[in-house]
Amino acid sequence: MPSAHPDHRYRSPSLAASVIIIAVINLLSAGAAWCDSDAARQIIQLAERIDQEIESQNADRLPRQTLSDAGYLRRVTLDLAGRIPTIAEIKQYEDLDLPDKRLQVTTSLIQSPDFAYHQRNELDTFLLRPLNHDREWRSYLLEATKENRPWDSIFREIMTPEETRPEDLRPTAFLKHRLGDLDKLANDSSVIWFGVNIGCAKCHDHPLVDDWKQEHYYGISSFFKRTYRSKKGLIGERFDGKVKFDTTSGESKDADFMFLTGTKVTEPELSLDAEVLKQYQEQIKKAEQDDAAETPPQPLFRPRQQLVDLALSDQQQRFFAKNIVNRTWARFFGRGIVHPLDQIHSGNPASHPTLLAILTDDFINSGYNVQRLIHAITLSVAYAQALPMTESDSPSHGENKLENQSDRGVRYFQHAEPRPLSPHQLSLSLLIATGNPEKTAEQISNPDWEQDRGKLEERSEGLAQKLEIPGENFQVPVSEALWFSNSSEMQNQYLGGGKDHLVGYLNEIEDPSAIISQAMFATLGREATSEEQVVLSKYFEQRNEQRVDTIKNIVWALVCSPEFRFNH
Amino acid sequence: MNFSALEVSKEWQLQEILFCLAINPNNDQLWFGSSDSKIYQQSLSNEDSERISYGESGHSSYVTGMVIAGDTLISCGYDKKLIWWDTNSHEPIRNIAAHDKWIRRICVTPDGRLFSVGDDMQCRVWDLKSGDLIASFSDHAATTPHHFPSMLYALALSDDGSSLATGDRVGHVAIWDSHSFEKRAEIKTPDLYTWDPKQRRHSIGGIRCLSFSPDGTKMAVGGMGKVGNIDHLDGASRIEIFEIGTGERLQMIEDAKHKGLVEQLRWSPDGKFIVSAGGDHKGFIAFHETETGKQVHVVEHSGHIHGLHVNFQTDTMFTAAHQRLAKWSFGQPKETAETTPTS
Amino acid sequence: MANHADSGHPKQSDSLDRRSMMRLMGSASGIGLAANMNQITALGESRLNDQLRASGKRVILLWLAGGASQLETWDPKPGRPTGGPFAQIQTTVPGIGISELMPKMSTHLEDTAIIRSLNTKIADHGTAYELMDTGRVKEAGVDFPHLGAILARELGNIESKVPDYVSMYTSTEGRRKGSAGFLGGRYNPMFLTDAMMPENIQRLESITDTDHRERAELRDTLSKLFARHHSHPSFEGHNSAYGRVRGLMASDYLFDIEREPESIRAQYGPTQFGQQCLVARRLVEAGVPFVKVARAWWDSHGQNFETHQELCADLDHCMSTLLDDLKERGLLENTLVISLGEFGRTPSINGSLGRDHFASAWSCTLSGCGIQGGSVYGKTDENGNTVVEGEMSAGDLYSTIFAALGIDHTKEYMLGSRPIPIADFDSTPCYSILT
């Protein structure tokens with residue numbers, strides 16, 4: 001398979017040999033044993049199934065281009081560890097002469113502390129971040145990702161925290177920040193956990209999607225209607241409360257508790273007498289206002305609990321499992337097997353229905369094991385496809401590309417699409433890229449890396465909060481370009497000339513071409529092409545004074561490139 | 001006057017907002033000015049008798065102030081007019097476009113000079129009989145320090161009629177000789193003006209009322225203390241008492257339990273007590289010792305009080321408030337630890 | 001997001017219901033699936049849009065945050081129990097009176113239309129803000145672009161060297177940024193809060209201008225080399241953002257009113273709102289298609305009349321000065337000036353002499369581009385409690401705004417395979433106030 005970068009050849013930068021050796025040893029010991037296990041074999045088989053299904057839809061027999069080693073390592077490190085690989089890691093991976101080196105490296109990355117942090121950040125962005133930044137919640141997520149907690153457990157903990165983790169307020173954040181708006185709570189939950197946006201079915205049966213009627217919208221809404229939060233922060237359920245809605249024919253109805261499958265739950269008749277009910281309602285009201293009030297009793301019938309049970313017992317549509325499989329897939333490919341991600345319905349078929357079914361089966365049977373799914377994806381050949389190469393002289397976007405090969409290729413996962421780095425990926429990668437590469441390599445190979453990675457997360461938080469979370473039509477906003485171009489943090493903190501920084505490290509090197517080489521590897525993970533060599537060398541030569549500034553500017557130009565900004 | 005026994009003895013509920021009232025020396029007739037731009041006359045000897053409205057050829061906006069002088073009633077309003085009325089015929093005698101902006105308050109000296117203040121920041125003096133303008137003067141800036149149009153809310157006469165005080169939005173009080181119209185003194189109460197530069201970028205408050213002590217040596221200033229959320233009258237009601245000669249502030253009285261504006265102040269004839277009335281979305285009447293600033297009594301009222309009539313000799317009190325006219329009595333003395341002396 | 005007409009599919013006709021249309025378009029069309037605005041823009045632009053851009057239409061939105069009282073501005077009811085104390089003054093438009101608190105505007109209505117009949121029903125700040133800044137009720141799961149983003153896209157130039165959506169909101173109360181929603185980050189606002197200069201728009205002192213420029217050129221050269229073998233709209237969008245940096249930096253002077261002659265600055269006056277209106281004029285003069293100037297905070301639950309004495313004086317002066325200034329510079333015929341809040345205020349007056357939130361019968365104004373000056377649309381009852389004639393929704397207002405600017409108000413954006421009209425369903429422009 002041709003490599004993605006035409007003039008790519010690795011030329012080793014000079015790094016302390018000890019650092020490289022340690023990295024290699026760590027890689028091999030960490031995952032070597034596991035790679036021989038049954039679990040590993042199953043994952044490899046799953047990856048092969050993925051490829052079979054993708055290939056079966058490759059009707060055009062489009063030529064596929066696999067990533068080079070360096071390309072694959074950058075992509076998979078970003079996707080599994082949430083950061084770019086270091087020079088040492090690139091070197092070590094390229095030199096690794098094992099037939100199953102991808103298995104080795106993906107295993108190592110998944111077992112590293114980085115994985116849990118990155119997975120945590122992805123989950124946070126998906127579940128809460130656009131609404132609120134909550135440190136306690138993030139610490140809860142980190143615990144869950146560290147132990148690879150099954151997705152159905154996480155679902156239960158977040159959606160019915162009072163049942164599953166009554167002493168722990170942290171997972172309540174999901175509900176807490178949506179409780180002020182029943183519509184938002186209901187639709188967000190439907191989108192996030194089931195991949196179904198029913199918002200359009202609020203005022204009338206969904207105009208575009210036959211599956212969704214008002215009944216579905218209000219059916220889901222009903223499950224949340226009784227949820228309240230006490231002043232102490234505990235989530236509870238009221239004893240009564242129904243959602244009423246007006247149909248388009250003007251009829252006023254009480255909504256049933258109905259799941260997306262149409263399955264209804266009938267509430268048993270309330271056996272409390274009116275006085276007792278009133279008393280409980282008073283207690284709830286008091287608890288909502290006074291944090292010294294006693295925790296009120298819970299009703300026997302708890303709608304949210306019912307919703308969770310329904311979602312997990314749904315064997316036909318399997319919205320819950322299908323959704324997370326689809327979303328996880330989209331994380332690594334830039335596009336879901338069902339796309340858009342919140343449009344799982346009969347009028348929007350999957351591009352690879354068998355593939356989705358296989359992955360969903362495996363996911364459920366493995367006990368909702370997200371790590372396993374991720375691992376299989378990253379081992380597939382489909383994942384390791386390069387971006388399509390374009391002819392150097394073709395226009396950047398042709399005139400009639402509505403249904404061209406490129407678009408079909410993306411839709412059928414024949415080749416990759418660039419994916420913008422998430423705010424955390426970008427912020428962390430910027431820290432690593434502009435740090436002293438030897439020091440960074442040492443840190444990562446050190447047993448203390450877990451804590452140090454945590455500290456790096458803290459340091460990256462400031463910039464991460466400034467950056468926009470990529471959505472469906474992500475474009476880099478100009479405010480980001482302005483920040484990179486003119487902020488004092490960028491100029492002084494990231495591009496600082498001290499010993500802890502790449503700029504300072506490079507400034508100690510005599511030979512400009514070695515500087516260029518190191519700078520390229522540190523930031524873009526590869527050697528400069530001959531054209532790039534020319535451009536950068538010329539830039540160096542033209543600036544006789546201010547060597548440090550020259551180096552700063554080169555590093556700046558590299559980290560501000562689209563190549564750095566995207567996962568490709 | 002037995003403050004602690006104060007209670008409403010009769011209340012009339014209306015649709016309108018009542019801003020001011022006046023009572024004749026015989027105490028048998030009451031007039032009040034309304035947001036419906038009319039003046040109403042009510043018999044006090046026969047409280048259930050029909051009210052008489054003075055409306056035709058009258059004001060075209062809120063009636064904000066009134067005074068009684070013999071058989072004549074003079075009123076002022078947001079329509080920038082001063083109107084003289086014959087209280088027997090209930091007809092207007094004279095109608096003057098008196099100010100360039102909304103008139104806030106008027107008062108009259110025993111020797112027949114009428115004073116008015118309005119948001120054109122002018123204090124104007126009129127001959128009571130002829131309606132002629134005698135003088136127009138000001139010591140109040142037309143705009144606030146924050147470049148917005150200011151207001152001149154408050155006006156007071158000393159008991160002997162020799163001094164006059166005017167007070168504005170930003171907390172500036174000027175004290176004048178009421179004959180020569182020379183400024184004699186000034187007092188600053190900047191805390192009564194809250195400017196919010198950050199959240200809402202406008203102001204609230206102002207000096208809403210002034211009152212000379214009976215001996216003319218002190219000045220009581222009423223308004224509202226500092227406010228956090230200027231969307232509402234959400235600050236403690238506030239009275240400040242100054243020594244006029246030295247400008248020294250003698251008392252600063254705040255009540256955070258009764259928020260809003262102090263709209264009216266009256267000293268007791270012996271100068272020992274001060275009565276204040278006002279409110280936020282509700283009303284209050286409070287009694288404080290002037291020597292110590294201590295609150296001796298406060299009662300709440302269901303409407304924000306704009307106008308007040310107190311007669312210490314006859315123990316009479318009436319209030320004009322938001323949708324309310326009330327007559328108050330000082331009833332039987334209550335059994336309290338402190339017995340308030342009658343004056 | 002292209003018009004149907006541009007897709008090669010038949011233009012949507014009345015005989016095709018939406019659902020059939022969607023089946024026709026289906027998932028086979030590349031339009032709905034293309035993930036990037038840049039590609040669509042290149043494909044989908046009609047000649048009309050090009051003409052629109054060529055004629056340089058601009059919008060200044062004076063955002064009366066907190067809800068200004070229509071009774072103390074454009075629709076007074078003097079003498080009524082709800083009218084408050086202020087009189088009505090006659091304007092230069094025969095038969096039309098406005099509040100005496102707006103004397104300058106009373107002689108400046110020749111280019112202004114007053115709409116008195118908004119009934120938008122939503123009376124809480126947050127939801128009403130969403131409604132009035134997007135023209136539709138917020139739908140869960142759809143990130144609808146705010147007016148500034150829509151107009152930046154429709155009126156702006158994709159490679160513009162000046163910002164295309166500037167929003168000034170200095171007070172902290174009710175401050176909301178506005179978003180480009182599904183139109184993408186390209187159309188996010190340049191949002192000014194505490195400082196009048198946009199963030200990061202000025203070069204640091206520690207780098208010379210030459211270095212800054214050469215560094216940017218180096219970046220650009222390297223990116224072009226990369227792009228030769230890896231072409232994708234995402235990379236183009238990235239380069240485009242950097243490509244705009246120097247231009248935006250060069251437009252920093254637009255925010256500096258010290259560059260205006262003293263006489264002009266004196267005309268706008270010393271208040272912050274006046275200064276920001278002057279910045280707005282400078283921006284539209286330089287080609288910025290949309291500027292929002294927020295004047296917060298009108299929420300006079302207590303002391304409504306005192307508060308409006310201050311705020312109306314500010315609005316009256318600054319708005320009339322702005323209109324005069326635009327007119328003198330020949331800009332008014334291509335600039336639409338909107339004064340609008342999230343709702344009006346209750347006709348009934350509460351105990352603190354305040355007015356509360358009210359969205360059933362309230363007012364706004366449109367001036368300049370495409371507007372029939374001296375017109376009034378809609379009527380409320382004698383107390384101002386209900387609309388009796390010409391009821392308009394937020395969608396209708398948006399249709400009117402688009403029509404005034406020559407934008408097809410029935411135009412639709414494609415969100416996946418779902419068409420979303422830029423003005424809410426079933427809304428129509430108010431033609432009687434349009435030229």
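How many disulfides are there over all chains? In this predicted model, the count comes to 0 disulfides over all chains. The cysteine C:Cys430 illustrates the result, since a disulfide requires a pair of cysteine sulfur atoms within 2.5 Å, whereas the nearest cysteine sulfur to that of C:Cys430, belonging to C:Cys364, lies 9.6 Å away. C:Cys430 is accordingly in no disulfide, and this residue is buried, with a relative accessible area of 5%. A:Cys560 is likewise a buried cysteine, and its relative accessible area is 0%.

The overall form of chain B was examined next. The secondary structure of this chain comprises 28 strands and 0 helices. Along the principal axes, the C-alpha atoms of chain B fill a box of roughly 50 × 45 × 40 Å. The radius of gyration of chain B is 19 Å, which agrees with the value near 20 Å that would be found for a compact globule, because the chain has 343 residues.

The packing and surface of chain B may be described in similar terms. Of the 343 residues in chain B, 61% are buried, and among the contacts with a separation of 6 or more, 47% are accounted for by residues that stand 24 or more positions apart. Chain B exposes an area of about 13,000 Å², of which carbon and sulfur atoms supply 45%. As for the charges, chain B carries 33 positive and 45 negative ones, and the mean positions of these two groups are 6 Å apart.

How values were computed:
Residues are numbered from 1 along each chain as its sequence is written. Chains are lettered from A and ligands numbered from 1 in the order in which they are written. This is a predicted model: local features need pLDDT of at least 70, side-chain atom pairs count only at pLDDT 80 or more; totals for chains, interfaces and linings use all residues. Side-chain values use heavy atoms; hydrogens and water are left out. Helices (H or I, at least four residues) and strands (E, at least two) are DSSP runs, numbered from the N terminus. The radius of gyration is taken over C-alpha atoms; the globule rule is 2.2 Å times the number of residues to the power 0.38. Buried means under 20% relative accessible area, exposed over 50%, partly exposed in between (1.4 Å probe, protein chains only). Contact means heavy atoms within 4.5 Å. Accessible areas come from the Shrake-Rupley method with a 1.4 Å probe; for residues, only the protein chains shown count as cover. Lys and Arg count as positive and Asp and Glu as negative; His and the chain ends are not counted. The place of a charge is taken as NZ of Lys, CZ of Arg, CG of Asp or CD of Glu.
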